[in-house]
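Visitor: Please take me through the nonpolar core of this model. I would like a close look, and then a word on what lies outside the core.

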Amino acid sequence: MKKIEWKGIAEIIGISAIVGSLIFVGLQIRQDQNVAVSQILQSTLAAEVEIHIALAEHAEVLAKARNADELSDAEIITIEELIDMWGARAFFESLSARRIDEGDWSGPINAFAFFLYDNPGVQQLWTERTIRKEHFYKQFNQGTAFIKFNQLVREKLASLKEQVE
């Protein structure tokens, strides 16, 4: 065989190796993305269980807040901590999930909004608390993602109210 033929064969083998490695890298990236999504779903479930345990542990206070009954200072702190726990979970879950997949990750926002909708007294406390927090964040020019999250929750709450009426 001539030298030119060997050169052509070597180039074809080299190109095939490059294409093969690119396909392999693409498959690895897809697998890594699937693993990341699975980890998010697993942590979501664990956080959901943790929140429901916390809600069950404070069922009496939650019942008072649900009915907008008068709460002691300690009970208000308890409810605010429960709101923060659930809200933080929904916020970080939706934030991290959107970075991995461009799909619809509004589930955590919807669940949190429904929890607030189903508990009017808790919703009132959440509204007052987020107004204070948003004011703080705006003063220091921070928290734009937090403010956007609260806006999405408020929009979902408005949508739930419209559906019922």
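Guide: We begin with the core, follow one helix, and end at the surface. Keep in mind that this is a predicted model.

The largest nonpolar core has 27 residues. Six of them touch the most other members: Ile79, Phe112, Phe115, Leu116, Val122 and Val153. Several elements each give two or more residues to this core. They are helix 1 (3-57), helix 2 (59-66), helix 3 (73-100), helix 4 (107-118), helix 5 (120-139) and helix 6 (144-164). Helix 3 gives the most, with seven residues.

Now look at Phe115. Leaving aside residues up to four places away in sequence, Phe115 touches Leu55, Leu62, Trp86 and Val122.

Val122 leads us to helix 5, where it is one of the buried residues. Gly121, Gln123, Leu125 and Trp126 of this helix are buried too. So are Arg129, Thr130 and Glu134. Helix 5 has 20 residues. From first C-alpha to last, helix 5 reaches 29 Å, close to the 28 Å expected at 1.5 Å a residue. Asn141 follows helix 5, and its phi is positive, near 55°.

Last, the surface. Here Ile15, Val19, Ile23 and Leu27 form a nonpolar patch. Together they have about 390 Å² of accessible area. Ile15 sits in helix 1. Its relative accessibility is 56%, so Ile15 counts as exposed; the cut-off for exposed is over 50%. Helix 1 is also among the elements that give two or more residues to the core.

Conventions:
Residues numbered from 1 in each chain as written. Predicted model: local features only at pLDDT ≥ 70, side-chain atom pairs only at ≥ 80, totals over all residues. Heavy atoms only, no water. Core = buried A, V, L, I, M, F, W, Y, C linked by side-chain atoms within 4.5 Å. Buried < 20%, exposed > 50% of the residue type's maximum accessible area, 1.4 Å probe, protein only. Helix = DSSP H or I, 4+ residues; strand = E, 2+ residues; numbered from the N terminus. Contact = heavy atoms within 4.5 Å. Expected span 1.5 Å × (residues − 1). Patch = residues over 30% accessible without salt bridge, like charges linked within 9 Å, V, L, I, M, F, W, Y side chains within 5 Å. Areas by Shrake-Rupley, 256 points an atom, 1.4 Å probe, with all protein chains shown as cover. Salt bridge = Lys/Arg side-chain N within 4 Å of Asp/Glu carboxyl O.
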